[in-house]
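Got your viewer open? Here is a short tour, with something to select at each stop.

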Number of protein chains: 2
Amino acid sequence: MGRVTASDVARAAGVSQPTVSRVFNRSTAVDPGTAKRVRAAAQRLGYIPNLVARTLNSGRSYRIGVILAHLNNNFFAAALQDLSKALNAQGYSVTVYFAGDRPRDVDSIVSDLLADQVDGIVLASTSLSNHLVEQVQRAGIPCVLFNRGQPAPGVSVVTTSNLQGGYDATEFLIRSGHSRIAHLAGLSDALNGQERRQGFLDAMADHGLTPLACVDCHFRREIAMEQTRALMAFETPPDAIFAASDHMAFGVLEVLRVELGLSVPGDVSVVGYDDAPMASWAMFDLTTIRQPMSDMIEATVRLLHGPIQEDQRLPQNIVLPAALVVRGSTRPPLTKG
Amino acid sequence: MGRVTASDVARAAGVSQPTVSRVFNRSTAVDPGTAKRVRAAAQRLGYIPNLVARTLNSGRSYRIGVILAHLNNNFFAAALQDLSKALNAQGYSVTVYFAGDRPRDVDSIVSDLLADQVDGIVLASTSLSNHLVEQVQRAGIPCVLFNRGQPAPGVSVVTTSNLQGGYDATEFLIRSGHSRIAHLAGLSDALNGQERRQGFLDAMADHGLTPLACVDCHFRREIAMEQTRALMAFETPPDAIFAASDHMAFGVLEVLRVELGLSVPGDVSVVGYDDAPMASWAMFDLTTIRQPMSDMIEATVRLLHGPIQEDQRLPQNIVLPAALVVRGSTRPPLTKG
DNA sequence: CTGAAAGCGCTTACAG
DNA sequence: CTGAAAGCGCTTACAG
């Protein structure tokens with residue numbers, strides 16, 4: 001037993017160890033005959049090059065660390081899967097960590113990732129601290145905030161036009177004849193949640209309407225459900241609800257349709273945000289603001305390949321367009337255009 | 001720039017590099033005063049020990065590879081998250097790969113993981129080949145099949161009592177007065193799918209009933225939906241459907257309730273399998289067979305710690321109990337007990 | 001095209 | 001308790 005090393009293969013093939021190395025990393029031309037003998041010996045012995053040794057002296061691990069809050073939200077599950085596949089296709093492996101809702105954990109996870117020599121870090125919808133920013137800058141590796149606006153030195157951001165999205169969602173409800181509109185906001189300290197809310201407020205103001213309610217639900221399903229129950233118990237309940245994420249909107253639909261036996265969109269219209277895979281299930285059929293997942297993933301991967309060891313990092317702020325997707329949880333607009 | 005190494009810290013603290021190493025891996029006692037000076041210097045310089053170098057000579061990476069088919073299924077998302085958290089808590093990092101539905105990809109992923117020196121591999125609901133078994137045995141690392149029965153030399157298995165679960169689900173439907181029962185089976189070449197189906201067939205036979213239908217849906221939602229449409233178009237459609245996974249059952253509910261406007265359980269009762277997190281959402285309220293996630297995760301982690309470098313591997317077959325969870329997608333049993 | 005040598009950043013006996 | 005030395009398995013100039 002004991003793993004087979006390049007030296008073992010070299011001995012079996014009658015060449016030096018560096019030659020075996022050259023055959024497997026194709027850094028230098030090797031005589032075809034020699035290469036064939038080496039490959040044969042490697043095959044016979046079951047040799048697999050040790051990537052850890054390679055990483056130690058090349059300085060590149062071909063490993064990307066991905067930190068997520070959790071996977072309860074369908075949208076993040078899709079994001080992790082797509083990002084992982086995209087990176088794998090380019091020869092990178094992905095190390096995942098779940099930080100839960102405790103932002104303080106993110107710092108220690110980043111330390112672990114740096115100790116692991118990752119070539120880049122993706123923070124998906126998790127917050128970041130000054131310490132983190134400092135660490136990442138010192139290590140000189142790319143760090144991308146995915147779906148979480150929060151500009152910081154040395155950190156890139158991939159988001160969508162949240163302000164516009166919030167505005168469009170709200171205006172669509174207004175055009176459909178709603179006026180008693182409530183917004184279930186995302187995390188109040190996350191820029192994307194703030195912007196969606198601001199878009200809501202702007203649209204209401206532009207149309208001379210007063211929000212029926214606008215409450216912070218921390219992007220959490222249970223809180224969104226509670227708030228929906230509370231809203232519907234009002235003397236004049238909302239006739240439309242705009243939730244800052246599909247994940248919350250699913251809970252809203254559940255309360256309205258199942259718990260309260262109301263008809264959506266008959267009694268209340270509902271709009272979500274994300275276009276998570278489940279939003280298109282007939283069970284939900286949720287009108288929402290679509291965040292273009294594949295474009296977001298593509299931008300993230302590109303930023304990860306940014307200046308790796310240049311002193312002048314150029315973090316970028318990528319803002320992709322988000323568009324309304326009309327489905328059956330809302331009624332059609334009264335006005336055209 | 002350039003990362004700070006133990007030698008840098010040693011120089012700054014006026015000690016030798018091995019002493020710095022000893023402070024950070026606590027392998028040997030170090031003079032408290034020396035240790036304090038070293039820590040101070042490390043802190044000041046922003047030193048983070050290079051785990052890759054440690055792995056190279058210790059032979060342990062504290063890294064576990066997890067291979068999943070995909071994350072569409074809520075149950076797997078929960079499994080990945082829980083497994084990841086459990087391993088992180090023990091100081092392991094998790095490298096994830098998505099193999100899709102192409103079993104041939106699993107082999108190359110395993111090679112990548114072995115090149116990465118993982119200390120163990122978890123295959124969640126993906127199949128395995130002879131080549132894989134051989135590679136894993138040669139590497140001498142623990143390999144655990146999670147939720148996928150398929151005994152093989154050198155590979156451990158964590159599953160639940162699928163035969164019993166399939167039997168219980170079916171018998172419950174029979175006791176509730178159903179007789180025209182259809183089964184939407186899982187993958188025909190996966191042991192857990194086969195066993196659930198066998199449990200269904202056994203229960204039907206024991207009660208003198210003939211299955212209305214029993215079709216392989218490969219654990220896929222779309223196929224389960226198509227089959228449900230086909231079944232409901234029968235001259236005598238089923239009055240109950242038992243799906244081999246909640247993921248499929250959600251699709252079944254969607255077709256029945258939304259597309260066909262039928263009442264569940266009024267017109268048709270539905271039972272799933274897994275007790276995925278979403279099964280308890282009021283929107284689905286799905287009667288199902290609960291697979292005990294935390295026990296499954298615990299067993300998996302334990303098996304991963306099995307004999308790491310012993311020649312005599314002792315792969316184990318852990319079968320945990322699965323129990324019926326009655327919710328609102330089925331009507332109450334006619335008979336007591 | 002290929003070998004001998006040095007080095008990546010640690011850990012671990014071995015002396016003292 | 002601590003330093004000098006060797007080694008983990010590769011890669012990469014440097015000669016030839």
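In strand 2 of chain B, which residue is the bridge partner of Val96(A)? Select Val94(B) along with Val96(A), and you have the pair on screen. One thing to keep in mind as you click around: this is a predicted model.

**Stop 1: where the chains join**

Now widen the selection to strand 2 of chain A and strand 2 (residues 93-98) of chain B. Three bridges join these two strands, and they run antiparallel. The Val96(A)–Val94(B) pair belongs to this stop.

Next, select everything on chain A that touches chain B. You should get 43 residues of chain A, in contact with 43 residues of chain B. Colour that side by element and you'll find that helix 4 (51-58), helix 5 (74-89), strand 2 (93-98), helix 6 (103-115), helix 7 (130-139) and helix 11 (246-259) of chain A each give two or more residues. Colour by class instead, and the chain A side shows 22 nonpolar, 13 polar and eight charged residues.

**Stop 2: the axis**

Superpose chain A on chain B. A rotation of 180 degrees does the job, with 0.0 Å of shift along its axis and an RMSD of 0.0 Å. That is how a two-fold axis relates two copies.

Which residue of chain A comes closest to the rotation axis? Pick the C-alpha of Thr95(A): it sits 2.2 Å from the axis. Thr95(A) is your marker for where the axis passes.

Why do the copies meet through the same surface? Because 100% of the interface residues of chain A are also interface residues in chain B.

**Stop 3: the open sheet of chain A**

Hide chain B for a moment and show the strands of chain A. Look for four strands in the order 7-6-8-9, which form an open sheet with parallel pairing. Strand 7 (213-216) and strand 9 (269-271) of chain A are at the edges; each has a single partner strand, so one side of each has no neighbour in the sheet. From one strand to the next, the twist averages 15 degrees.

For a closer look, select strand 8 (residues 240-243) and strand 9 of chain A. They run parallel and are joined by three bridges. Within this pair, Ile241(A) stands opposite Val270(A) of strand 9.

Now add the helices that pack on the sheet. Helix 10 (residues 221-232) of chain A touches strand 6 (181-185), strand 7 and strand 8, and its direction makes about 160 degrees with that of strand 6 of chain A. Helix 11 of chain A touches strand 6, strand 8 and strand 9, with its direction at about 150 degrees to that of strand 8 of chain A. You have met helix 11 of chain A already, in the list of elements that give residues to the side touching chain B.

**Stop 4: the sheet in chain B**

Bring chain B back and look for its open sheet, with four strands in the order 7-6-8-9 and parallel pairing. Select strand 6 (residues 181-185) and strand 7 of chain B: they pair in the parallel sense over four bridges. Zoom in on Ala185(B), and its bridge partner in strand 7 is Asp216(B).

**Stop 5: two helix pairs in chain B**

Stay in chain B and select helix 5 (residues 74-89) and helix 12 (residues 293-304). Their axes are 10 Å apart, and they pack at an angle of about 45 degrees. The two helices are therefore oblique to each other, and helix 5 of chain B passes helix 12 of chain B in a right-handed crossing. To see the contact, show side chains including Ala78(B), Asp82(B) and Leu83(B) from helix 5, and Met293(B), Ile297(B) and Val301(B) from helix 12. The residues of this contact divide into eight nonpolar, two polar and one charged.

Last selection: helix 8 (residues 162-175) and helix 9 (residues 191-206) of chain B. The axes come within 7 Å and cross at roughly 40 degrees, which makes helix 8 of chain B oblique to helix 9 of chain B. This crossing is right-handed. Residues to display include Gly165(B), Gly166(B) and Tyr167(B) from helix 8, with Gly199(B), Phe200(B) and Ala203(B) from helix 9. By class, the contact of helix 8 of chain B with helix 9 of chain B has six nonpolar, eight polar and five charged residues.

Note on methods
Residues are numbered from 1 along each chain as its sequence is written. Chains are lettered from A and ligands numbered from 1 in the order in which they are written. This is a predicted model: local features need pLDDT of at least 70, side-chain atom pairs count only at pLDDT 80 or more; totals for chains, interfaces and linings use all residues. Two residues are in contact if their C-beta atoms, placed from the backbone, lie within 7 Å. Ala, Val, Leu, Ile, Met, Phe, Trp, Tyr, Cys and Pro count as nonpolar, Asp, Glu, Lys and Arg as charged, and the others, Gly among them, as polar. Two strands pair if DSSP finds at least two bridges between them. Axes are lines fitted to C-alpha atoms, for helices over the stretch in contact, and angles run from 0 to 180 degrees between N-to-C directions. Angles under 35 degrees count as roughly parallel, over 145 as roughly antiparallel, 65 to 115 as roughly perpendicular and the rest as oblique. A crossing is left-handed if the near helix is turned anticlockwise from the far one by less than a right angle, and right-handed if clockwise. Copies are superposed by least squares on the C-alpha atoms of residues with pLDDT of at least 70 in both.
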